[in-house]
Amino acid sequence: MSNRSIELDDRLYSYLLSASLRETAVQADLRQVTREHRQARMQVSPEQGQFMALLVQLLGARKTLEIGVFTGYRALAVAMALPEDGRMVACDVNEDDCAIARSYWEKANVAHKIDLRIAPALDTLNELIATGESGTFDFSFIDADKSNYDNYYEKSLQLLRPGGLIAVDNTLWYGRVADPDVQDKRTNRIRALNEKVRDDERVTMSLLPVGDGLLLVRKR
Ligand code: CA
């Protein structure tokens, strides 16, 4: 007997999806197309996308950040959950991936909610701060280059309103964070951020074994 999270074998995972997944045809198509992508493992799991949509609605979010778009599945789920006048600033550097994302946002009629900035995310975040948008965002999802995770965390914290939420993906990093023999730069950056957030008095937080590790952080 263990109190830790249940292990999801293939059968149980299939059950979870069949018992809970609400996915539109456009979302299912995008997921299918992304499965063929050479970096398909960067694809967010559909139940995680659905969970983000739920969080965004719980927050009553109108303004969100998406740091790391890839082919846009999670942004699509979040944008669908935003009110009609909601706005997302989405950051990514890869034009080809963003072209896929944009075409599916258009098919789902949410493209007007998404302000896509194809540039280094740090530049976009600094620009938002410079133009006076600090303290105005409700939600930020961080899922881009791991070497900048700490920067994305700090900038998100600045851009969020009190009570706003940051979600950070890959914080269990395929299990590597727990292996002391793994000492590469990206793994160490993720470890450092996890420890920093645990001790950060500016926030309340929870690290969940969802997907590849989902760190949820609420700004006080
Ligand atoms: Ca990820």
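So, the protein chain has 8 helices and 7 strands; these are DSSP runs numbered from the N terminus, at least four residues for a helix (H or I) and at least two for a strand (E). Please keep in mind that this is a predicted model, where local features need pLDDT of at least 70, side-chain atom pairs count only at pLDDT 80 or more, and totals for chains, interfaces and linings use all residues. Residues are numbered from 1 along each chain as its sequence is written, and side-chain values use heavy atoms, with hydrogens and water left out.

Now the overall form. A compact globule of 220 residues would have a radius of gyration near 17 Å, and the protein chain agrees, with 17 Å; that radius is taken over C-alpha atoms, and the globule rule is 2.2 Å times the number of residues to the power 0.38. Of the 220 residues, 47% count as buried, meaning under 20% relative accessible area with a 1.4 Å probe, protein chains only.

Let's turn to the metal. Which residues coordinate the calcium ion? They are Asp 143, listed with two OD entries, Asp 169 (OD) and Asn 170 (OD1), at 2.3 to 2.7 Å. Donors here are N, O and S atoms within 2.8 Å of the metal, or 3.2 Å for Na, K and Ca; water is not among the atoms, so sites may look incomplete. Asp 143 sits in the loop between strand E4 (137–142) and helix H7 (149–159), while Asp 169 belongs to strand E5 (residues 160–169), so the pair ties together parts 26 residues apart in sequence. Both Asp 143 and Asp 169 are buried.

Methods
Buried means under 20% relative accessible area, exposed over 50%, partly exposed in between (1.4 Å probe, protein chains only).
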